[in-house]
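Got the viewer open and a selection box ready? Let's take a walk through this one, stop by stop.

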Amino acid sequence: MVGVIYWSGTGNTAAMAEAVGKGIAAAGQEAVVKSVSEITVDEAAKFDKLALGCADMGAEQLEDMEFEPFYNELEGKLGGKKVVLFGSYGWGGTWLDDWAERVKGAGATLAADNVAVFGTPDDEGTARCEAQGKALAEA
């Protein structure tokens with residue numbers, strides 16, 4: 001099983017999470033897709049592979065009321081895990097690179113390139129998410 005955990009304010013990152021899950025399933029593995037409010041850190045830490053998604057917030061940061069506290073607690077439990085990162089944005093777009101450095105610093109391996117989509121994922125963005133999920137499942 002592969003965990004797909006996300007925060008979405010407008011539904012764009014939620015759509016990306018579903019596409020990542022679809023890619024995982026296409027590779028023959030079960031995806032457990034959950035909003036950050038539907039899962040505990042301890043439950044998330046049980047997955048060997050995680051796809052983490054969060055929209056870009058105003059100052060190139062993770063959403064700070066729900067997702068950032070969740071990730072801060074999870075970060076110390078990422079050692080040895082395979083991880084991918086995704087999210088939608090409305091401006092900028094470097095938050096995933098900053099986040100990727102944090103993930104690597106925690107001892108996890110990035111299993112595929114980050115996927116950032118401007119606004120609502122179009123067909124190309126959805127296909128990139130599915131490919132990311134497949135790569136994670138096969139890693």
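Before clicking anything, keep in mind that this is a predicted model.

**Stop 1: Tyr89 and the pocket**

Select Tyr89 to begin. Its relative accessibility is 21%, so Tyr89 counts as partly exposed, the cut-off for buried being under 20%. Now add Trp95 to the selection: at 2% relative accessibility, Trp95 counts as buried. The two rings form an aromatic pair of the tilted kind, 5.9 Å centre to centre with 55 degrees between the planes.

Keep Tyr89 selected, as this residue also helps line the largest pocket. How much space lies in that pocket? About 170 Å³. To see the lining, select Trp7, Gly9, Thr10, Asn12, Ala55, Asp56, Met57, Gly58, Ser88, Tyr89, Gly90 and Trp91. Colour them by class and you get five nonpolar, six polar and one charged residues.

**Stop 2: the aromatic pairs**

Which other rings are worth a look? A search of the whole structure turns up five aromatic pairs. Zoom in on Tyr71 and Trp99, which meet edge-to-face, with 5.7 Å between the centres and 90 degrees between the planes. This pair ties together distant parts of the chain: Tyr71 belongs to helix H3 (residues 67-75) and Trp99 to helix H4 (residues 95-105), 28 residues apart. Buried or exposed? Both Tyr71 and Trp99 are buried. Add Phe67 and Phe70 to the selection and you have one aromatic cluster, made of Phe67, Phe70, Tyr71 and Trp99.

While you're on H3, click Glu68, which lies in that helix. Glu68 has a relative accessibility of 17%, so it counts as buried. Leaving out residues up to four places away in sequence, Glu68 touches Leu62, Glu63 and Arg102.

**Stop 3: helix H1**

Next, select residues 12-26, which make up helix H1. Try the ruler on this one: at 1.5 Å a residue, the 15 residues should span 21 Å, and the end C-alpha atoms are 21 Å apart, so the two agree.

Which residues of H1 are buried? They are Asn12, Thr13, Ala14, Met16, Ala17, Ala19, Val20, Gly21, Gly23 and Ile24. Asn12 is a familiar face, having already appeared in the pocket lining. To see what covers the buried residues of H1, show strands E1 (2-7), E2 (31-35), E3 (49-54), E4 (82-89) and E6 (115-118), along with helix H5 (123-138), all of which are included in the cover.

Now go to Ala26, also in H1. With 65% relative accessibility, Ala26 counts as exposed. Draw a distance to Glu130: the C-alpha atoms are 8.5 Å apart in space, although the residues are 104 apart in sequence. Following H1 comes Gly28, whose phi is positive, near 90 degrees.

**Stop 4: Ala31 on strand E2**

Last stop: Ala31, found in strand E2. Its relative accessible area is 24%, so Ala31 is partly exposed. Set aside neighbours within four places in sequence, and Ala31 is in contact with Val2, Val4, Gly21 and Ile24. Gly21 and Ile24 are among the buried residues of H1 you selected earlier.

To finish, draw one more line, from Ala31 back to Trp91 in the pocket lining. Their C-alpha atoms are separated by 30 Å, with these positions 60 residues apart along the chain.

Methods
Residues numbered from 1 in each chain as written. Predicted model: local features only at pLDDT ≥ 70, side-chain atom pairs only at ≥ 80, totals over all residues. Heavy atoms only, no water. Phe/Tyr/Trp six-rings, centres within 6.5 Å; stacked < 30°, edge-to-face > 60°. Helix = DSSP H or I, 4+ residues; strand = E, 2+ residues; numbered from the N terminus. Buried < 20%, exposed > 50% of the residue type's maximum accessible area, 1.4 Å probe, protein only. 1 Å grid on protein atoms, 1.4 Å probe; cavity = no way out; pocket = protein on both sides within 12 Å on 5 of 7 lines; lining within 4 Å. Points joined across faces, edges and corners; volume = space filled by probe spheres on them. Nonpolar A, V, L, I, M, F, W, Y, C, P; charged D, E, K, R; others polar. Expected span 1.5 Å × (residues − 1). Contact = heavy atoms within 4.5 Å.
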